[in-house]
Amino acid sequence: SVLAECKDVCTLLKPAGWTIYSTFGGGNHSATRPSPGNPEAVLHDWLVKQFSEHAVTVHDSGAQHGLVHRLDRNTSGTLLWAKTYSGYF
């Protein structure tokens with residue numbers, strides 16, 4: 001969910017069990033292995049559905065899709081997501 005939103009960045013709450021990307025580092029990294037109880041919960045996919053029309057970074061893998069950092073799948077917490085390149089760099 002979105003905790004706070006500004007023009008260039010959002011603070012997101014990532015629930016435990018959600019992965020960040022569908023693939024990363026060959027798929028064996030704990031941040032990207034699907035959760036057995038929730039195989040569809042991928043933060044990047046949710047960002048695409050929610051912000052695809054408004055945020056250019058969500059489609060740019062070179063800018064980590066706007067995600068400034070990651071959390072492991074089993075970790076819940078806040079993430080900073082840059083909606084624009086100005087917010088990312």
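Lys83 is buried, with a relative accessible area of 11%. This residue is a useful place to enter the structure, which is a predicted model. The term "buried" applies to Lys83 because its value falls under the cut-off of 20% relative accessible area.

What does the side chain of Lys83 meet in a salt bridge? The partner is Glu5, and the N to O distance between the two side chains is 2.7 Å. Side chains of opposite charge can pair when their charged atoms come close. Lys83 belongs to the loop between β3 (77–82) and α2 (85–88), whereas Glu5 belongs to strand β1, so the pair ties together parts of the protein that are 78 residues apart in sequence. The two partners can also be described by their accessibility: Lys83 is buried, while Glu5, at 45% relative accessibility, counts as partly exposed. A search of the whole structure finds one salt bridge.

Glu5 leads on to the strand in which it lies. Strand β1 covers residues 2–5, and strand β2 covers residues 9–14. These two strands run antiparallel and are joined by three bridges. Within this pairing, Ala4 has Thr11 in β2 as its bridge partner. Three residues lie between β1 and β2, and the two strands form a hairpin.

The wider arrangement can now be set out. The protein contains two helices and three strands. Followed along the sequence, these elements give the pattern β-β-α-β-α. The hairpin of β1 and β2 therefore corresponds to the opening β-β of that pattern, since strands are numbered from the N terminus.

Helix α2 directs attention to the surface. Tyr85 has its place in this helix, and at 35% relative accessibility it counts as partly exposed. Which residues form a nonpolar patch on the surface together with Tyr85? They are Val56 and Phe89, and the three residues together have about 360 Å² of accessible area. Tyr85 can be part of such a patch because its 35% relative accessibility lies over the required 30%.

Finally, some values describe the protein as a whole. Of its 89 residues, 34% count as buried. The accessible surface comes to about 5000 Å², and carbon and sulfur atoms account for 52% of this area. Among the contacts with a separation of 6 or more, 58% are between residues 24 or more positions apart. The salt bridge between Lys83 and Glu5 likewise links parts of the chain that are 78 residues apart in sequence.

Terms used: Residues are numbered from 1 along each chain as its sequence is written. This is a predicted model: local features need pLDDT of at least 70, side-chain atom pairs count only at pLDDT 80 or more; totals for chains, interfaces and linings use all residues. Side-chain values use heavy atoms; hydrogens and water are left out. Two strands pair if DSSP finds at least two bridges between them. Helices (H or I, at least four residues) and strands (E, at least two) are DSSP runs, numbered from the N terminus. A salt bridge is a side-chain nitrogen of Lys or Arg within 4 Å of a carboxyl oxygen of Asp or Glu. Buried means under 20% relative accessible area, exposed over 50%, partly exposed in between (1.4 Å probe, protein chains only). Patches are made of residues with over 30% relative accessible area and no salt bridge: like charges are joined within 9 Å, nonpolar side chains (Val, Leu, Ile, Met, Phe, Trp, Tyr) within 5 Å. Accessible areas come from the Shrake-Rupley method with a 1.4 Å probe; for residues, only the protein chains shown count as cover. Contact means heavy atoms within 4.5 Å.
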